[in-house]
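Please walk through the following model with attention to how its parts are put together. The text after it takes up the DNA strands, then the fold of one chain, then the charged pairs.

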Number of protein chains: 2
Amino acid sequence: MLVRIDFSSDEAFYVQLKNQIIMGIATSEIREGESLPSVRDLAEDIGINMHTVNKAYSILKQEGYLKLDRRKGAVVCLDADRLRTIEEIRFLLKGTVAKALCRDVSKAELHELLDEVFEEFNGIRKASGADSIQ
Amino acid sequence: MLVRIDFSSDEAFYVQLKNQIIMGIATSEIREGESLPSVRDLAEDIGINMHTVNKAYSILKQEGYLKLDRRKGAVVCLDADRLRTIEEIRFLLKGTVAKALCRDVSKAELHELLDEVFEEFNGIRKASGADSIQ
DNA sequence: GTTCTTGTTATACTTCTCATATAACAGATT
DNA sequence: AATCTGTTATATGAGAAGTATAACAAGAAC
């Protein structure tokens with residue numbers, strides 16, 4: 001999986017890494033059960049410190065994306081805590097809708113944008129041989 | 001408008017304030033043309049420093065939500081820069097969809113959640129006498 | 001014109017996070 | 001035994017967050 005850190009971004013390295021791994025899981029670039037590189041290897045690959053990678057991994061573990069093990073960093077999606085997930089998504093949508101309403105972006109337009117984003121994901125998934133989302 | 005800072009939150013005070021103001025504009029609790037309290041008054045009201053409030057106001061100005069003036073902090077939504085808004089919303093949705101896909105939350109469920117959030121906003125708008133969104 | 005309030009800017013200080021670096025430990029693999 | 005893994009501890013430098021005090025310039029009120 002390709003990870004690239006934007007060193008001139010104002011976003012923390014560990015946050016960038018965390019988001020890119022989530023994106024990788026979402027697009028099936030990394031699949032359940034597959035291992036991520038070791039903290040030391042990945043750190044050297046992308047040019048940041050071991051502890052920064054470890055921080056990203058730890059948070060992803062805490063948020064239910066990874067299960068860490070000595071000798072492999074196994075990917076574990078489907079935390080089964082569906083209620084918490086729904087609550088998180090509702091929270092994120094709330095912020096997005098608020099910004100949309102301030103700019104007179106309509107409900108219909110938001111639904112359209114949501115569909116477009118889904119299509120974008122399907123494009124990436126198709127390229128890596130994953131099933132599409134209907 | 002009611003603003004409340006969570007002092008035990010890990011979210012920065014100026015970010016909390018910024019988000020609550022955006023939420024206030026979205027729910028029509030604050031309407032276009034209306035003034036927010038002065039940085040000094042609001043700071044004292046919610047128990048934080050003047051500069052922290054000023055930071056929130058400055059960012060809101062930069063992001064096109066406020067137009068600042070000596071003697072009033074006028075609310076100005078509708079930055080007209082619609083393209084930038086759409087791009088921002090698309091970016092936010094991308095992150096939300098990614099998290100949803102990791103947890104097997106379907107496209108249909110996301111659309112439902114979006115409708116629910118809209119209904120939530122309409123409830124608040126109705127209570128403050130604003131028009132509903134259809 | 002004077003006074004008051006406004007946003008704005010400058011400076012200084014403390015506390016915390018981010019990122020790095022070096023080092024060591026314990027479990028698992030080879 | 002040697003090696004690699006996640007994990008923890010400690011230290012350091014850079015920057016952000018938040019506070020504090022102070023001053024400036026433009027508009028409002030008297």
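Which of the 24 residues around DNA strand D come nearest? In this predicted model, they are A:His51, B:Phe13, B:Tyr14, B:His51 and B:Lys55. Of the atoms of DNA strand D that come within 4 Å of the protein, sugar and phosphate account for 64%. Bases also take part in polar contacts with this strand. An N or O atom in the side chain of A:His51 is 2.7 Å from a base nitrogen of DNA strand D, and an N or O atom in the side chain of B:Arg40 is 3.3 Å from a base nitrogen of that strand. On the backbone of the DNA, a phosphate oxygen of strand D is 2.9 Å from an N or O atom in the side chain of B:Thr52. Elements of both chains give two or more residues to the surface near DNA strand D: helix H2 (39-46), H3 and E2 from chain A, and H1 and H3 from chain B. By residue type, the surface near DNA strand D divides into ten charged, eight nonpolar and six polar residues.

DNA strand C can be read in the same order. There are 24 residues around this strand, and those that come nearest are A:Phe13, A:Tyr14, A:His51, A:Lys55 and B:His51. Sugar and phosphate make up 64% of the atoms of DNA strand C that come within 4 Å of the protein. A:His51 contacts a base here: an N or O atom of its side chain is 3.1 Å from a base oxygen of DNA strand C. Two further contacts go to phosphate oxygens of strand C, one from a backbone N or O atom of A:Asn49 at 2.8 Å, the other from an N or O atom in the side chain of B:Ser38 at 3.5 Å. The elements that give two or more residues to the surface near DNA strand C are, in chain A, helix H1 (13-26) and helix H3 (50-62), and, in chain B, helix H2 (39-46), helix H3 (50-62) and strand E2 (66-69). This surface has ten charged residues, with eight nonpolar and six polar ones.

Next comes the fold of chain A. Five helices and three strands form its secondary structure, and from the N terminus on they run α-β-α-α-β-β-α-α. Taken along the principal axes, the C-alpha atoms of chain A fill a box of roughly 50 × 35 × 30 Å. Chain A has 134 residues, and 42% of them count as buried. Its accessible surface comes to about 7700 Å², with 49% belonging to carbon and sulfur atoms. Among contacts in chain A with a separation of 6 or more, 50% are between residues 24 or more positions apart.

The charged pairs give particular cases of such links. Side chains of opposite charge can pair when their charged atoms come close. Over all chains, a search of the whole structure finds 14 salt bridges. One of them joins A:Lys18 and A:Glu63, whose closest N and O atoms are 3.8 Å apart. This pair links distant parts of the chain, since A:Lys18 is in helix H1 of chain A and A:Glu63 is in the loop between H3 and strand E2 (66-69), 45 residues apart. A:Lys18 is buried, with a relative accessible area of 13%, whereas A:Glu63 is partly exposed at 23%.

Chain B also has a salt bridge between B:Glu63 and B:Lys18, with the closest N and O atoms 3.8 Å apart. B:Glu63 lies in the loop between H3 and E2 of chain B and B:Lys18 in helix H1 (residues 13-26), so the pair ties together parts that are 45 residues apart in sequence. B:Glu63 is partly exposed, with a relative accessible area of 23%, and B:Lys18 is buried, with 13%. Elsewhere, salt bridges that share partners join A:Glu87, A:Arg90 and B:Glu116 into one network.

Within that network, A:Arg90 forms a salt bridge with A:Glu87, the closest N and O atoms being 3.7 Å apart. Both residues belong to helix H4 (residues 82-102) of chain A; because they are three residues apart there, about one helical turn separates them. A:Arg90 is partly exposed, with a relative accessible area of 23%, and A:Glu87 is partly exposed as well, with 45%.

How values were computed
Residues numbered from 1 in each chain as written. Chains lettered and ligands numbered in written order. Predicted model: local features only at pLDDT ≥ 70, side-chain atom pairs only at ≥ 80, totals over all residues. Heavy atoms only, no water. Near = heavy atom within 4 Å. Polar contact = N/O pair within 3.5 Å; in protein donor to acceptor, adjacent residues only side chain to side chain. Helix = DSSP H or I, 4+ residues; strand = E, 2+ residues; numbered from the N terminus. Nonpolar A, V, L, I, M, F, W, Y, C, P; charged D, E, K, R; others polar. Salt bridge = Lys/Arg side-chain N within 4 Å of Asp/Glu carboxyl O. Buried < 20%, exposed > 50% of the residue type's maximum accessible area, 1.4 Å probe, protein only. Contact = heavy atoms within 4.5 Å. Areas by Shrake-Rupley, 256 points an atom, 1.4 Å probe, with all protein chains shown as cover.
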